[in-house]
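Biologist: I am new to this structure and would like a close look at a single part, the surroundings of the ligand and the helix beside them in your account. Could you walk me through it?

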Amino acid sequence: MAIDLDRCTGCQACVAACHAENNLPVSDPESAAKGRAFHWIRVDRYYEGEFPEIRVKYMPVLCQQCDEAPCEPVCPVYATYKNEEGLNVQVYNRCVGTRYCANNCPYSVRFFNWFDPKWPAPLDLQHNPDVSIRMTGVMEKCTFCIQRIQRVERSAKEEDRPVADGEIQPACVQSCPAEAMVFGDLNDRESKVSRLAESGRATRLLEDLGTRPKVFYLQKAE
Ligand code: SF4
């Protein structure tokens, strides 16, 4: 995935879309105060300068789908691992809730279910049937909307054709009004996301840690 920080306006449409698509509960103020808020994607804010000459920068942060993911080797039951497409996946029914993975993630993008989630009416009517609802004691995080990836791959297979570049759109990508996010196949050198990742503007978050994230941030043009 590539995220253009020069386009992001901080509107948080991606956050709302992720909640709706992936059946994320909304934390009450008490849980949020204890650090138990749920956002598979969040928008960090950075300020530059002094008031009134102040500039705000926005940075959407989600699971970086690291090639050398620090969360993977610390899971005692292999609930999180890399699949053959390079996605860092989470097997919910294998997770025993030690939270080692969240403690070892430098990006703070993993979330633990302290309680069975509740959706007060009418929110209970909006569940996405393609996505499971996670229960107490289970770790969860962004999957790049794996249900959408699989749906497109199945259609392409039935129609005996390759998946087209840009055909798979995670909810955050689809909902972004600024088209700041691009998703695609990094193994395809011609894909839009590959070209952006190889542009001079691409950087990776906390790259010095050696985690080799697969999310590329395109820095603001000066
Ligand atoms: S929807 Fe797009 S513009 Fe809005 S916060 Fe998310 S990435 Fe930024």
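Modeller: Gladly! Let us start with the character of the shell around the ligand: its residues divide into 10 nonpolar, three polar and no charged. Keep in mind that this is a predicted model. In total, 13 residues surround the ligand, and the closest are Cys8, Cys11, Gln12, Cys14 and Cys176.

One of these, Cys14, leads us into helix H1, which spans residues 13–21. Cys14 is buried there, and so are Val15, Ala17, Cys18, His19 and Glu21. Here a general point helps: an α-helix has 3.6 residues a turn, so residues three or four places apart point the same way. As for what lies over the buried residues of H1, the cover includes strand S2, helix H4 (146–158), helix H5 (171–175) and strand S8 (181–182).

Now follow the chain past the end of the helix. After H1 comes Asn23, with a positive phi near 55 degrees. Asn23 is also a partner of Gln126: leaving aside neighbours within four places in sequence, Gln126 is in contact with Ala20 and Asn23. You will find Gln126 in the loop between strand S6 (111–112) and strand S7 (139–140). Its relative accessible area is 33%, which means that Gln126 is partly exposed.

Strand S2, part of the cover of H1, also points us to another loop. Ile54 sits between S2 (42–48) and strand S3 (55–61), and Ile54 is partly exposed, with a relative accessible area of 38%. Together with Tyr47 and Phe51, Ile54 forms a nonpolar surface patch of about 380 Å² of accessible area.

Key. Residues are numbered from 1 along each chain as its sequence is written. This is a predicted model: local features need pLDDT of at least 70, side-chain atom pairs count only at pLDDT 80 or more; totals for chains, interfaces and linings use all residues. Side-chain values use heavy atoms; hydrogens and water are left out. A residue is near a molecule or strand if one of its heavy atoms lies within 4 Å of it. Ala, Val, Leu, Ile, Met, Phe, Trp, Tyr, Cys and Pro count as nonpolar, Asp, Glu, Lys and Arg as charged, and the others, Gly among them, as polar. Patches are made of residues with over 30% relative accessible area and no salt bridge: like charges are joined within 9 Å, nonpolar side chains (Val, Leu, Ile, Met, Phe, Trp, Tyr) within 5 Å. Accessible areas come from the Shrake-Rupley method with a 1.4 Å probe; for residues, only the protein chains shown count as cover. A salt bridge is a side-chain nitrogen of Lys or Arg within 4 Å of a carboxyl oxygen of Asp or Glu. Helices (H or I, at least four residues) and strands (E, at least two) are DSSP runs, numbered from the N terminus. Buried means under 20% relative accessible area, exposed over 50%, partly exposed in between (1.4 Å probe, protein chains only). Contact means heavy atoms within 4.5 Å.
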